[in-house]
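The report below examines a protein model through its helices, two individual residues and a pocket. Please keep the sequence and the coordinates in view while reading.

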Amino acid sequence: SNGENLKMLLIGAWIPFDDNTSDKYAQMVSTMSAMEPLIRDFGHNKPIAIIGDLNAAIGRGRRYDKALETLIKKCDLVDGLDLYDQEFDFSWSNGNNKAILDHIIINHHLKTLVSNCKLHDSLWNMGDHLAICAEIDCKISTFTIEPCIVLPKHKFHKFDKMIFLLSKESI
């Protein structure tokens, strides 16, 4: 789809962690490469967001991190978490190591609609990652979710790497 009749591009992604194999890195680069033309073709005058566990930390300097930073730079995006002070300096921790691996990457149009974006922990969180909570000023009455690309699923999550387009009735 060329995005002309769509109001928002929402990309939900889970990228497998970097186990230092060439297969995992190729999968990560392939996923990032699939996102770039979608974002470019959709246009910058409508809201765009990439949300999920990308297993990459901005500014850390590892190969996954650099691939994410390249996508952000090429598509003129920002990490919504960088726009607000954070209570936590990590979204994932295993005790010894910690990093912000979960993101809500947004374009400048959506940036004007975001009034808050925070890493959030609660007693109900049973995972090893903190949640991202974002307050976005939008009007949604009815919507249709149209999956436009479904990349191969990994056995770990049910909904990984699914890219959705919200239809013209959405926002």
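Just after helix α2, residue D76 takes a positive phi of about 55 degrees, in a model that is predicted. A positive phi also follows α1, where G43, just after the helix, takes a value of about 100 degrees.

Helix α2 itself comprises the twelve residues 63–74, and because a rise of 1.5 Å a residue gives an expected span of 16 Å, the separation of 16 Å between its end C-alpha atoms agrees with that expectation. The buried residues of this helix are Y64, D65, A67, L68, L71 and I72. They cover an arc of only 165 degrees around the axis, and therefore lie on the same side of α2. On the other side of α2, K73 and K74 are exposed. The cover over the buried residues of α2 includes α1 (22–42), together with the strands β2 (48–53), β3 (77–79) and β6 (102–107).

Helix α1 can be read in the same manner. Its 21 residues should span 30 Å at 1.5 Å a residue, and the end C-alpha atoms are 31 Å apart, which agrees. In α1 the buried residues are K24, M28, T31, M32, M35, L38, I39 and F42. These cover an arc of only 125 degrees around the axis, so that they are placed on the same side of α1, whereas S22, D23 and R40 are exposed on the other side.

The table sets out the two helices.

| Helix | Number of residues | Expected span | End C-alpha separation |
|---|---|---|---|
| α1 | 21 | 30 Å | 31 Å |
| α2 | twelve | 16 Å | 16 Å |

For the protein chain as a whole, there are three helices and ten strands, and from the N terminus on the elements run in the order β-α-β-α-β-β-β-β-α-β-β-β-β. Of its 171 residues, 39% count as buried. Among the contacts in the chain with a separation of 6 or more, residues 24 or more positions apart account for 69%.

Two residues illustrate such contacts in detail. I100 is placed in the loop between β5 (98–99) and β6, and because its relative accessibility is 23%, above the 20% under which a residue would be buried, I100 counts as partly exposed. Its C-alpha atom lies 9.2 Å from that of D53, although I100 and D53 are 47 residues apart in sequence. When neighbours within four places in sequence are left aside, I100 is in contact with A56, A57, L81, D89, F90, S91 and L119.

I132, for its part, lies in strand β8 (residues 131–136). This residue, I132, is partly exposed, because its relative accessible area is 25%. I132 and L81 are 51 residues apart along the chain, yet their C-alpha atoms are separated by 8.4 Å. Not counting residues up to four places away in sequence, I132 touches L81, D102, H103, I104, C117, K118 and L119.

What lines the second largest pocket? Its lining consists of 15 residues, of which D18, R60, R62, W92 and L101 lie nearest its centre. By class, this lining has five nonpolar, five polar and five charged residues, and the space within the second largest pocket is about 300 Å³.

Methods. Residues are numbered from 1 along each chain as its sequence is written. This is a predicted model: local features need pLDDT of at least 70, side-chain atom pairs count only at pLDDT 80 or more; totals for chains, interfaces and linings use all residues. Side-chain values use heavy atoms; hydrogens and water are left out. On a 1 Å grid over the protein atoms alone, a cavity is a set of points where a 1.4 Å probe fits but cannot get out, and a pocket is an open set with protein on both sides within 12 Å along at least five of seven lines; lining residues have an atom within 4 Å of a point. Grid points are joined across faces, edges and corners, and a volume is the space filled by probe spheres set on the points. Ala, Val, Leu, Ile, Met, Phe, Trp, Tyr, Cys and Pro count as nonpolar, Asp, Glu, Lys and Arg as charged, and the others, Gly among them, as polar. Helices (H or I, at least four residues) and strands (E, at least two) are DSSP runs, numbered from the N terminus. The expected span of a helix is 1.5 Å times one less than its number of residues. Buried means under 20% relative accessible area, exposed over 50%, partly exposed in between (1.4 Å probe, protein chains only). The arc is that of the directions from the helix axis to the C-beta atoms. Contact means heavy atoms within 4.5 Å.
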